[in-house]
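Student: I should like to learn how the features of a protein model are read. May we look at one together?

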Amino acid sequence: MSPTTYPVLQLRLGGHWLPICERSALIAGRGVAALLPDGRQAALFVDRAGRTYAIDNRDPYSGAQVLSRGLTGTSDGRAFVASPLLKQRFDLETGRCLDDESVAVTVYPSRIKS
(Lines give C-alpha, C1' and ligand atoms only; values in the text may rest on other atoms or scores of the structure.)
Protein backbone atom coordinates (compact mmCIF):
# COMPACT_ATOMS: atom_id res chain seq x y z
CA MET A 1 0.00 0.00 0.00
CA SER A 2 1.47 3.36 -1.00
CA PRO A 3 1.56 6.24 1.48
CA THR A 4 -1.07 8.94 1.13
CA THR A 5 0.28 12.18 -0.24
CA TYR A 6 -1.29 15.51 0.58
CA PRO A 7 -1.09 18.65 -1.53
CA VAL A 8 1.84 20.74 -0.30
CA LEU A 9 2.62 24.42 -0.80
CA GLN A 10 6.11 24.86 -2.22
CA LEU A 11 8.22 28.00 -2.63
CA ARG A 12 10.93 28.46 -5.22
CA LEU A 13 14.12 29.41 -3.37
CA GLY A 14 17.62 29.38 -4.83
CA GLY A 15 16.48 27.59 -7.98
CA HIS A 16 14.75 24.75 -6.13
CA TRP A 17 11.19 24.09 -4.96
CA LEU A 18 11.07 23.81 -1.17
CA PRO A 19 8.06 22.18 0.54
CA ILE A 20 6.69 24.56 3.19
CA CYS A 21 3.35 23.27 4.51
CA GLU A 22 0.33 21.19 3.62
CA ARG A 23 -2.25 23.03 1.54
CA SER A 24 -4.81 22.34 4.29
CA ALA A 25 -2.91 24.76 6.58
CA LEU A 26 -3.96 27.66 4.34
CA ILE A 27 -7.38 29.29 4.70
CA ALA A 28 -8.63 31.91 2.25
CA GLY A 29 -8.41 35.36 3.81
CA ARG A 30 -5.87 34.37 6.47
CA GLY A 31 -2.11 34.36 6.29
CA VAL A 32 0.41 31.87 7.64
CA ALA A 33 4.03 32.67 8.52
CA ALA A 34 6.81 30.26 7.59
CA LEU A 35 10.46 30.28 8.63
CA LEU A 36 12.75 29.81 5.64
CA PRO A 37 16.10 27.96 5.74
CA ASP A 38 18.10 31.22 5.62
CA GLY A 39 16.24 32.67 8.63
CA ARG A 40 13.89 34.93 6.68
CA GLN A 41 10.14 34.59 7.06
CA ALA A 42 7.52 34.30 4.34
CA ALA A 43 3.86 35.24 4.61
CA LEU A 44 1.71 32.66 2.79
CA PHE A 45 -1.80 33.24 1.46
CA VAL A 46 -4.42 31.48 -0.63
CA ASP A 47 -7.42 33.18 -2.20
CA ARG A 48 -10.93 31.80 -2.64
CA ALA A 49 -10.04 30.62 -6.16
CA GLY A 50 -7.13 28.57 -4.77
CA ARG A 51 -4.31 30.79 -6.04
CA THR A 52 -1.35 30.87 -3.69
CA TYR A 53 0.84 33.84 -2.82
CA ALA A 54 4.05 34.16 -0.82
CA ILE A 55 5.72 37.42 0.14
CA ASP A 56 8.28 38.50 2.71
CA ASN A 57 6.69 38.60 6.16
CA ARG A 58 8.66 41.70 7.20
CA ASP A 59 6.74 44.97 7.12
CA PRO A 60 9.27 47.40 5.58
CA TYR A 61 7.76 50.36 7.47
CA SER A 62 7.95 48.95 11.00
CA GLY A 63 10.52 46.17 10.57
CA ALA A 64 8.17 43.74 12.35
CA GLN A 65 7.45 40.24 10.98
CA VAL A 66 3.69 40.77 10.73
CA LEU A 67 2.41 40.76 7.14
CA SER A 68 1.04 37.22 7.57
CA ARG A 69 -1.34 38.70 10.16
CA GLY A 70 -2.62 41.42 7.84
CA LEU A 71 -6.06 41.82 6.33
CA THR A 72 -6.46 40.60 2.75
CA GLY A 73 -8.57 42.21 0.07
CA THR A 74 -8.61 43.34 -3.54
CA SER A 75 -8.07 46.70 -5.19
CA ASP A 76 -8.71 47.11 -8.93
CA GLY A 77 -8.78 43.31 -9.20
CA ARG A 78 -5.39 42.91 -7.47
CA ALA A 79 -5.07 40.80 -4.33
CA PHE A 80 -3.32 42.58 -1.46
CA VAL A 81 -2.52 42.29 2.22
CA ALA A 82 -2.67 45.34 4.49
CA SER A 83 -0.09 45.51 7.24
CA PRO A 84 -1.76 45.09 10.64
CA LEU A 85 0.44 47.87 12.07
CA LEU A 86 0.43 50.86 9.74
CA LYS A 87 -2.11 49.59 7.17
CA GLN A 88 0.00 49.94 4.02
CA ARG A 89 -1.26 47.55 1.34
CA PHE A 90 1.09 45.19 -0.52
CA ASP A 91 0.18 43.57 -3.85
CA LEU A 92 0.42 39.80 -3.32
CA GLU A 93 1.60 39.16 -6.91
CA THR A 94 4.24 41.88 -7.27
CA GLY A 95 5.08 42.84 -3.66
CA ARG A 96 4.65 46.51 -4.59
CA CYS A 97 3.18 48.78 -1.93
CA LEU A 98 -0.10 50.14 -3.29
CA ASP A 99 0.23 53.22 -1.08
CA ASP A 100 3.86 54.11 -1.85
CA GLU A 101 5.31 52.96 -5.18
CA SER A 102 8.88 53.39 -3.92
CA VAL A 103 8.46 50.46 -1.48
CA ALA A 104 8.08 46.73 -2.17
CA VAL A 105 8.54 43.40 -0.42
CA THR A 106 10.07 40.23 -1.85
CA VAL A 107 7.71 37.87 -3.67
CA TYR A 108 8.39 34.13 -3.73
CA PRO A 109 7.06 31.96 -6.57
CA SER A 110 4.68 29.42 -5.06
CA ARG A 111 2.75 26.35 -6.18
CA ILE A 112 0.71 23.48 -4.82
CA LYS A 113 2.22 20.07 -5.52
CA SER A 114 0.59 16.72 -4.78
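Tutor: Let us begin with a single residue, bearing in mind that this model is predicted. Asp99 has a relative accessibility of 44% and therefore counts as partly exposed.

Student: Which residue forms a salt bridge with Asp99?

Tutor: The partner of Asp99 is Arg89, and their closest N and O atoms lie 2.9 Å apart. This pair links distant parts of the chain, ten residues apart: Arg89 belongs to strand 8 (residues 89–91), while Asp99 is in the loop between strand 8 and strand 9.

Student: Is Arg89 buried or partly exposed?

Tutor: Buried residues have under 20% relative accessible area. Arg89 has a relative accessibility of 23%, so Arg89 counts as partly exposed.

Student: How many salt bridges does the count come to?

Tutor: The count comes to six salt bridges. One joins the side chains of Asp38 and Arg40, with an N to O distance of 2.6 Å. Asp38 is partly exposed because its relative accessibility is 48%, and Arg40 is also partly exposed, at 36%.

Student: What may be said of Glu101 and its salt bridge with Arg96?

Tutor: In that pair, the closest N and O atoms of Glu101 and Arg96 are 4.0 Å apart. Glu101 is exposed, since its relative accessible area is 68%, whereas Arg96, at 33% relative accessibility, counts as partly exposed.

Student: Which residues are linked in a network of salt bridges?

Tutor: Such a network links Arg78, Asp91 and Glu93.

Student: Where is the place of Gly39?

Tutor: Gly39 is found in the loop between strand 3 (32–35) and strand 4 (41–46). Its relative accessible area is 48%, so Gly39 is partly exposed. One may also compare places along the chain with places in space: Gly39 and Lys87 are 48 residues apart along the chain, and their C-alpha atoms are separated by 25 Å.

Student: How, then, is a sheet to be read?

Tutor: The general idea is that strands of a sheet pair through backbone hydrogen bonds, in either a parallel or an antiparallel manner. In this structure, an open sheet of three strands has the order 2-1-9, and its pairing is antiparallel. Strand 2 (16–22) and strand 9 (110–113) are the edge strands, each pairing on one side only. On average, neighbouring strands of this sheet are turned by 35° against each other, direction ignored.

Student: How many bridges join strand 1 to strand 9?

Tutor: Four bridges join strand 1 (residues 8–13) to strand 9, and the two run antiparallel. Leu9 stands opposite Ile112, which lies in strand 9.

Technical notes:
Residues numbered from 1 in each chain as written. Predicted model: local features only at pLDDT ≥ 70, side-chain atom pairs only at ≥ 80, totals over all residues. Heavy atoms only, no water. Pairing = 2+ DSSP bridges. Axes fitted to C-alpha atoms, helices over the stretch in contact; angles between N-to-C directions. Buried < 20%, exposed > 50% of the residue type's maximum accessible area, 1.4 Å probe, protein only.
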